[in-house]
Amino acid sequence: MTPPVVEMEGVSKSYGPVHALRDATLTIARGELLSIVGPSGSGKSTLLNVMGTLARSDTGTTRIDGHDVADLSDGELSALRARAIGFVFQQFHLAGGVPAVENVADGLLYGGTRRAERVRLAERAMRRVGLGHRLAHRPHELSGGEKQRVAIARAVLGDPPLLLADEPTGALDSRSGAMVMDVLHELNAAGTAVVIITHDHGIAGSLPRAVQIKDGRIEHDTRAEVGA
Ligand code: ADP
């Protein structure tokens, strides 16, 4: 049986006196689509960082794609992250002056894939996000929404089972934001589990599941009625 893509049990993390995450228990099945919502400082990024294996928790268990991260060395953790998790951030993080397709191809730089193959996959990923006509454009020649779609193409280049998006529409106008959400929905429909951190209750309400966090605790984990 395929394991859930994320299984967190009793996960806590503090920064000095600040309890950023308290006793979080959360399972995300393959192919799910959900939001993580909560006020600023409530622990959303901490939850995402632990889930993304960018930070280790103080207590509790985190399994990603069936692997307990506590059992892995830093090198093994990097390999798991490279294979299983794509990241998208509010501020795109594209390399300036570098053609979009090269920015995307760099998504597999550490996976041992040959350059020609990386570029071929990057062109395919660019078409997947509707940017097949923008391959040679440099970031400053793209709109904010297009930049975010390039960042998404880079994140899904290796077809990870999990995509983590931290405020992916936070820097965009509503039309560009809607296009980015469309791309995330399409990726999810093709099988990727997508987790979206958002302040936007409109976005949270449009997704099948919403995890609400407050003061480091998961307060509600609600699923929309089928067909609602
Ligand atoms: P959110 O993403 O919901 O805004 P965070 O997870 O970033 O919340 O932060 C949760 C709490 O942990 C906040 O009080 C924040 O100030 C604190 N915190 C987060 N990261 C650090 C850090 N690296 N060092 C110290 N405190 C931190």
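The paragraphs below walk through a predicted model, turning to a ligand site, a pair of packed helices and two residues with an unusual backbone angle.

We begin with the ligand, which is surrounded by Tyr15, Val18, Ala20, Pro39, Ser40, Gly41, Ser42, Gly43, Lys44, Ser45 and Thr46. Three of these residues can be followed down to single atoms: a polar backbone atom of Ser42 is 3.1 Å from an oxygen atom of the ligand, while a polar side-chain atom of Lys44 lies 2.8 Å from a ligand oxygen atom, and a polar side-chain atom of Ser45 likewise lies 2.8 Å from an oxygen atom of the ligand.

We turn next to the helices. Two packed helices are described by the angle between their axes and by the distance between those axes. For helix H5, which covers residues 144–155, and helix H6, which covers residues 174–189, the angle is about 20° and the axes are 9 Å apart. Because angles under 35 degrees count as roughly parallel, H5 and H6 are roughly parallel to each other, and H5 passes H6 in a right-handed crossing. On the H5 side, Gly145, Gln148, Arg149 and Ile152 take part in the contact, and they meet Ser176, Met179, Val180, Val183, Leu184 and Leu187 of H6. Sorted by character, the residues of this contact divide into six nonpolar, three polar and one charged.

Last comes the backbone itself. Most residues other than glycine have a negative phi. Asp23, which lies in strand S2 (residues 18–28), has instead a positive phi of about 50°, although it is not a glycine. Thr53, found in the loop between helix H1 (44–51) and strand S4 (59–64), is not a glycine either, and its phi is positive at about 60°.

Conventions:
Residues are numbered from 1 along each chain as its sequence is written. This is a predicted model: local features need pLDDT of at least 70, side-chain atom pairs count only at pLDDT 80 or more; totals for chains, interfaces and linings use all residues. Side-chain values use heavy atoms; hydrogens and water are left out. Axes are lines fitted to C-alpha atoms, for helices over the stretch in contact, and angles run from 0 to 180 degrees between N-to-C directions. Helices (H or I, at least four residues) and strands (E, at least two) are DSSP runs, numbered from the N terminus. Angles under 35 degrees count as roughly parallel, over 145 as roughly antiparallel, 65 to 115 as roughly perpendicular and the rest as oblique. A crossing is left-handed if the near helix is turned anticlockwise from the far one by less than a right angle, and right-handed if clockwise. Contact means heavy atoms within 4.5 Å. Ala, Val, Leu, Ile, Met, Phe, Trp, Tyr, Cys and Pro count as nonpolar, Asp, Glu, Lys and Arg as charged, and the others, Gly among them, as polar. A residue is near a molecule or strand if one of its heavy atoms lies within 4 Å of it. A polar contact is a pair of N or O atoms within 3.5 Å; within protein, one must be able to donate a hydrogen and the other to accept it, and residues adjacent in sequence count only if both atoms are side-chain atoms.
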